[in-house]
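Colleague: I have a new model open and don't know my way around yet. Can you walk me through it?

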Amino acid sequence: MNTLMIDGKYIEVPEGTTILEAARRAGIYIPTLCDDPRLEPYGACRLCLVQVKGMPRPVTSCTTPATDGMEVQTSNEQIERIRKTIVELLLSDHPNDCMVCEKAGDCTLQELAYFYNLRENRFWGERRQYTRKDANPFIERDMEKCVLCGKCVRVCEEVQGVAAIDIAYRGFQAKVCPPFERDLDCEFCGQCVSVCPTGALIGKQSLGKGRQKDIKRVDTVCPYCGCGCNITLHVSRNEVIRVTSEPDTLNEGWLCVKGRFGFRFVNSPDRLKTPLIRRNGRFEEATWTEALGYIASNLKRIKKQYGADAIAGLSSARCTNEENYLFQKFMRAVIGTNNVDHCARY
Amino acid sequence: MAGLATVFGSGAMTNSIQEIEDNDLIFVIGSNTKENHPIVALRMIKAVRRGARLIVADPRKVPLVRFAHLWLQQKPGTDVALLNSMMHVIVKEELYDREFIVERTEGFNREFLDNLEEYTPEVGEKITGVSKDKIIEAARLYATAERAGIYYTMGITQHSHGSDNVFSIANLALMCGNLGKESSGVNPLRGQNNVQGSTDMGCIPDSYPGYQKVNLPAVKEKFEHLWGVKLSEKPGLTAPEMIFEAEAGNVRAMYIMGENPVLSDPDVNHTVKILKELDFLVVQDIFMTETAELAHVVLPAASFAEKDGTFTNTERRVQRIRKAIDPPGRARDDAWIIMELSKTMGYEMKYSHISEVFNEIGMAWPAVAGISYSRLERGGIQWPCPTSDHPGTPYLFKGGFPRGRGRFTTVRFRPSMEPPDEEYPFVLTTGRQLFQYHTGTMTRRVDPINKVAPEPYVEIHPDDALRMDIQDGEMVRVSSRRGSIRLKAMVVKRPEPGVVFIPFHFKEAAANVLTDGHALDPLCKIPELKVCAVRIEKDRA
Amino acid sequence: MGREVEIKICMGTGGLAAGGRAVMNAFAEGLKAEGIDAKVSENCSIHQVGCRGFCARDVLVDVIIDGKRTTYQYIKPEMVEQIIKNHIIGGEVVQDWTVKEDYQAFHDKQVKVVLADCGEVDPEDIDSYISRRGYEALQKVFREMTPEKVINTIEASGLRGRGGAGFPTGVKWDFARRNPGDVKYIICNADEGDPGAFMDRSVIEGNPHSVIEGMIIGAYAIGAHHGYVYIRAEYPLAVERLKIALEQARQRGFLGRDILGSGFDFDIKIKLGAGAFVCGEETALIASIEGKRGMPRPKPPFPAQKGLWGKPTVINNVETLANVPAIIRNGALWFAKFGTEKSKGTKVFALTGKVNNTGLIEVPMGISLREIIYDIGGGIEGGRKLKAVQTGGPSGGCIPAEYIDISVDYESLARMGSIVGSGGMVVMDETDCMVNIAKYFLEFTQAESCGKCVPCRIGTKRLLEILSRITDGRGRPGDIDLLVTLSEDVKAGSLCGLGQTAPNPVLSTIKYFRDEYEAHIHEKRCPAGVCKNLLTYTIIEEFCKGCTMCARVCPAGAIVGEKKQPHHIVQEICIKCGACFETCKFKAIKKG
């Protein structure tokens, strides 16, 4: 364990902890854009600069390991000035169209602009302008909003093992893109969307579906494979418009293409909306009372005629534990048979 | 699951997903993890980045192979030979865990060892097509690892010898003492969000909730007491048996909730014919599935986003799902439907909230007795969790196996039921791909997914394609003894020559038209979906 | 004949560009025609040699007869015949073509350690190097020195990194040696990226074995068995000669397994860079070798702790390594006697700009700028006034003329707001606009920024934009302060050396030439007459003879007037190209 002092506070942290992690543990806020504890430290945004006693210049707290006896100042006049300059520089090369941006209300850059009260900008100048749109069906890539934090590049390589994108070009023209600026063609897990601090990467299905402030967030579990990933449904007007996952969940916030982007079936117009009874070879709409009464009489008839074991039930691996429990209870206690199974075999 | 239950006394993943990152060896066999359990695969990749070794055994060059140190490209259906051969090496080189075998297992005897004797690496190579050097290397890597985990899915189980495959895996883990500790075990990855839960909940014909056998009088009495009715002690029918019995006229009615057996079961044509002939079929689902179209009554259910409840994931973790939106129209959640139907049938199920159902489950099954909705608010809990102060169980068998000692099983290699022949020269293996899911009921209604994975295809090796003059993207006809489908050829080096792969998501060219519904594992009744013989022709239509 | 004849022809990039290959062929053919087979004869040989620094005088040819050397300059193939006839056969030096005193003066104040054999040895012939004590140091190391002793010697010599930062080489080696690890690497950084710099290229082209020998000694010192030379693909000749040299070194057992029976294994691979300035930065260079995009990462960990493929790695510049064999051969004390207290040895500079003698020079640390400019450089072109000296390339700064007597060493230049850097030295006179110079360097650094960190990516862009508007005459009051504050933030905030030093040209020019900035902003005037938008060309009527020359060269048709009558320039049409100014024989056109 190392003990260091941050802003006059003594903090004990294990070997290998960065100054940023140590500060967070102590509840000390340091602004960042490119840090994600799940990714390798990167040190690009320079917002997390801190002054370490004895060092000639400010250092990035996200990359500098905390050492024993270290004295750290997370803020001073120079550091605040640099941070403000950095945010101003970013805003000087940003569309600043927050009023129509999907990310408004959940955008780190917007927060920083607010925090540093940047109504004016000393550095207006040329802004990157890209007209080309990526035709992939999942991810809207608006590279004018990209702050080059590199999170998408890192998550794609380090976590997903795909490396579908990287930074191309140099200097002001540096840009995150797939090889040769082709359309994105990858696993479409959307981890990049989940880590993007600005509106540069947005799920296409969510576009125009609702502002962040109007969204109800409901924590639940992914309905696809057995991984059991924790997801958060974003709901607006009784519609699921987006799926996210928090970094502190069992899946560490990572999802796959189905979990993140495969939610639209819920609000599909094809959904069954009413009970249907087949009459004369055609389905006719029915009330619940009609339908349930019809089923009950038929099941009773067959049970009476052929015995309970002439009835079989298939339950579902897609349904809840409670529903599965009730289903087998129904088959066993009400019908009177053990003919109940589900698709574990398939 | 029955396979694992036989050897350990419990059938589930022995370890947690999170523990994967601390594995120093990962052995993936019969699992296309990167596509089918993507988030589990991420943990594997993380482990590899941290220095773990990864062995992948799969007939196809699945995406995870890219991260593997060793890829064993076995012929489909030869897992037993591969595993026995590895064990042969481990025994020969005395790399097994003597202490573990003596203290915690039984059946490591002459019969068992004599059987392994035959499976030299040379024999292994001959049967599996994997070079003997690789078999030896894999054996050494696995046996000498500190924290080795085995991960498998349907590539192991969907065979007429699926149970044998599982026994072999268990033998390997037992032999090397890779059980009962952190990051070390045998882990079947469950393919659907709540397969684990529906099995746990007793939606299997021989057990009540918690794997309590229906034919044990004490168990029956317990549930008769809990539910207040007389119950049958006669084990019921498995899903494939239901179809056979329906064909025989012994099953007259079926109630199918949230399943689409028409596409997911082997031999589609046969399944449709049988279901059509039923006296009465009720299907309860969120969409008009291929199965629902055959029903007499279709009931509109709520999706996962429209209800409260719990799912149990592949690592036995019980987690809360929460209602986010209202179901469309008159659709209702399945629990409401069952309770109403039950009431109509004259048996009232009285619960004022869904959590009360869960509490009743806890009364029926001690392993979840300690779990409650209020505890689940703070995150999922892995069963067993017998008491309200129990933290849950990340990995199983720490103190011992439920059945006492882990049992070695002597397993002999049996070929698949339908080997290729002159008429049907290709081995067909089926499975899922990344973008689509299962029978496509959900994902095929998501536009962007259909843009990237729009249509069915058959993966065929370039050598085979060249020989038959089949171009990439060309329509071909694939036929088996059961039926025939038309779909595009994807000429790709993923399968080896002689093997073709078809994902089963697509109803317009359902892979299960081709598979054999009669080739079942004798113990688990699992159909052999991973191996059947097919013929491929250029489509002339 | 009985005479020993040796002909050495400069075939560095400069020599080749001036026609060195043709000159060499002319000698070979000419001698053959005269019945002297230069290739066969034991006593007549033609050698290609590397750069000797004075590229402006290429093709330079040495004719050495019985040890007596005559150097010819500006030689073209058609001149060869006469040299052969008169000099080689006739014994009469062709006096008109030989170098004069200024050539001598160019060399007088130089001290050559690194370049000692450049221009002497044939870079494609290992024996030529060996004949001049080549690989002697390596044998000495294996014979009598432990790795620790090698490191001690280098430390004692005071050798500091010649790539720019000036970190003590011995200390760096010591770190790498002490860091535990079974695998270590040594990398030679030959990614010379400063505009106008060609020190490292010349060393590799002229004497590649000296770098290889230095690397082997370094590898032995730190315990590395694998080395890389990271060299830009834009240096095809250097790459070619390096390849040949490596192959020859392998054949002679200086590289490979069990080198010279020492039990030490070491070999070197060449890795070509795609010409990214930032790849001169250690961590970016490592990323590039690993096949990734050349982007720096924050330090710590330093490469000596976690470098190439995560292993302890030493990265030394070409010139640094080329110093090593000489230090080992002659001892630390010999080396330390050159230079100042803290800056030892010599430094190679690429002397360019407005001096009469441009070229590659090697001077002892501590020499004054005055000596470099006036003695070696032969003074300012056209006798104009010195304005400033820019050292250290895009990372460096401008030192104004009044400080011409400062000592050239790491500390002194740093105190002036500049750096020694890798060795660029640009001399500027009164016709150079300092705002424009700053803009020039910012254009370079902005284009070469990797784009990773915000201050460098956008900060240098905004600095450049402000400089551009000042030189365009759109400067605003407050721009100077804005430049200063932004420069300071970019310096303090950037990730790597590129961004941390990129504002130096801005800050140092503002520091010493603030009045020029002010003239641009407030008076809309470029005092040096460089910034086009701030220029007006006018015709002084009393000087104009009405010759019409100016009107004829004006591409915009902006000059009007009758023959024999004073002309005038229509300012709205004038594009300020300066053609009229250049053309007028009567100095009737005023720029200002």
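Colleague: How much surface does chain C expose, and what share do carbon and sulfur atoms supply?

Modeller: Keep in mind that this is a predicted model. Chain C exposes about 22700 Å², and 51% of that is supplied by carbon and sulfur atoms.

Colleague: How many helices and strands does chain C have?

Modeller: Chain C has 23 helices and 17 strands.

Colleague: What are the spans of chain C along its principal axes?

Modeller: The C-alpha trace of chain C spans about 85 × 65 × 40 Å. As for the radius of gyration, chain C has 26 Å, which agrees with the value near 25 Å for a compact globule of 592 residues.

Colleague: And what share of the residues in chain C is buried?

Modeller: Of the 592 residues in chain C, 60% are buried. In its contacts with a separation of 6 or more, residues 24 or more positions apart account for 70%.

Colleague: Now the backbone. Which residues does the peptide bond with omega near 5° join in chain C?

Modeller: That bond runs from Asp58(C) to Val59(C), and it is cis. Val59(C) sits in the loop between strand 2 (44–49) and strand 3 (61–65) of chain C.

Colleague: Which residues are joined by the cis bond with omega about -5°?

Modeller: Lys299(C) and Pro300(C). Pro300(C) is in the loop between helix 12 (282–289) and strand 8 (313–317) of chain C.

Colleague: Why point these out, when most peptide bonds are what?

Modeller: Because most peptide bonds are trans.

Colleague: Changing chain. How does the radius of gyration of chain A sit against a compact globule?

Modeller: Chain A has 27 Å, but a compact globule of 346 residues would have a value near 20 Å. The C-alpha atoms of chain A fill a box of roughly 90 × 50 × 35 Å along the principal axes.

Colleague: What domains is chain A divided into?

Modeller: Domain 1 covers 2–75, domain 2 covers 209–271 and domain 3 covers 307–346. The C-alpha centres of domain 1 and domain 2 of chain A lie 34 Å apart.

Colleague: What does the secondary structure of chain A come to?

Modeller: Eight helices and 16 strands. Buried residues make up 65% of chain A, and its accessible surface comes to about 13300 Å².

Colleague: Where in chain A is Leu148(A) found?

Modeller: Leu148(A) is in the loop between strand 6 (139–141) and helix 4 (151–159) of chain A. Its phi is near 60°, a positive value in a residue other than glycine.

Colleague: Is Leu148(A) buried or exposed?

Modeller: Leu148(A) has 0% relative accessibility, so it counts as buried.

Colleague: What about Phe180(A), buried or exposed?

Modeller: Phe180(A) is exposed, with a relative accessible area of 74%. It also has a positive phi, about 60°, although it is not a glycine. Phe180(A) lies in the loop between strand 8 (175–177) and helix 5 (191–195) of chain A.

Colleague: Which sign of phi do most residues other than glycine have?

Modeller: Negative.

Colleague: On to chain B. What domains does the assignment give?

Modeller: In chain B, domain 1 is 2–189, domain 2 is 191–235 + 301–390, domain 3 is 237–300 and domain 4 is 426–538. The C-alpha centres of domain 1 and domain 3 of chain B are 36 Å apart.

Colleague: How many helices and strands are in chain B?

Modeller: There are 20 helices and 23 strands in chain B. The C-alpha trace of chain B spans about 65 × 65 × 45 Å along its principal axes. Its radius of gyration is 23 Å, which agrees with the value near 24 Å for a compact globule of 541 residues.

Colleague: How far apart are the centres of the positive and negative side chains of chain B?

Modeller: The centres lie 3 Å apart, with 65 positive and 71 negative side chains in chain B. For chain C, the mean positions of the 74 positive and 73 negative charges are 4 Å apart.

Colleague: Last topic, the chains together. Which pair has the most contacts?

Modeller: Chains A and B have the most contacts among the two pairs of chains that touch. Chain B and chain C do not touch, and their nearest C-alpha atoms are 13 Å apart.

Technical notes. Residues are numbered from 1 along each chain as its sequence is written. Chains are lettered from A and ligands numbered from 1 in the order in which they are written. This is a predicted model: local features need pLDDT of at least 70, side-chain atom pairs count only at pLDDT 80 or more; totals for chains, interfaces and linings use all residues. Side-chain values use heavy atoms; hydrogens and water are left out. Helices (H or I, at least four residues) and strands (E, at least two) are DSSP runs, numbered from the N terminus. The radius of gyration is taken over C-alpha atoms; the globule rule is 2.2 Å times the number of residues to the power 0.38. Buried means under 20% relative accessible area, exposed over 50%, partly exposed in between (1.4 Å probe, protein chains only). Accessible areas come from the Shrake-Rupley method with a 1.4 Å probe; for residues, only the protein chains shown count as cover. Domain bounds come from an automatic or database domain assignment. Contact means heavy atoms within 4.5 Å. Lys and Arg count as positive and Asp and Glu as negative; His and the chain ends are not counted. The place of a charge is taken as NZ of Lys, CZ of Arg, CG of Asp or CD of Glu.
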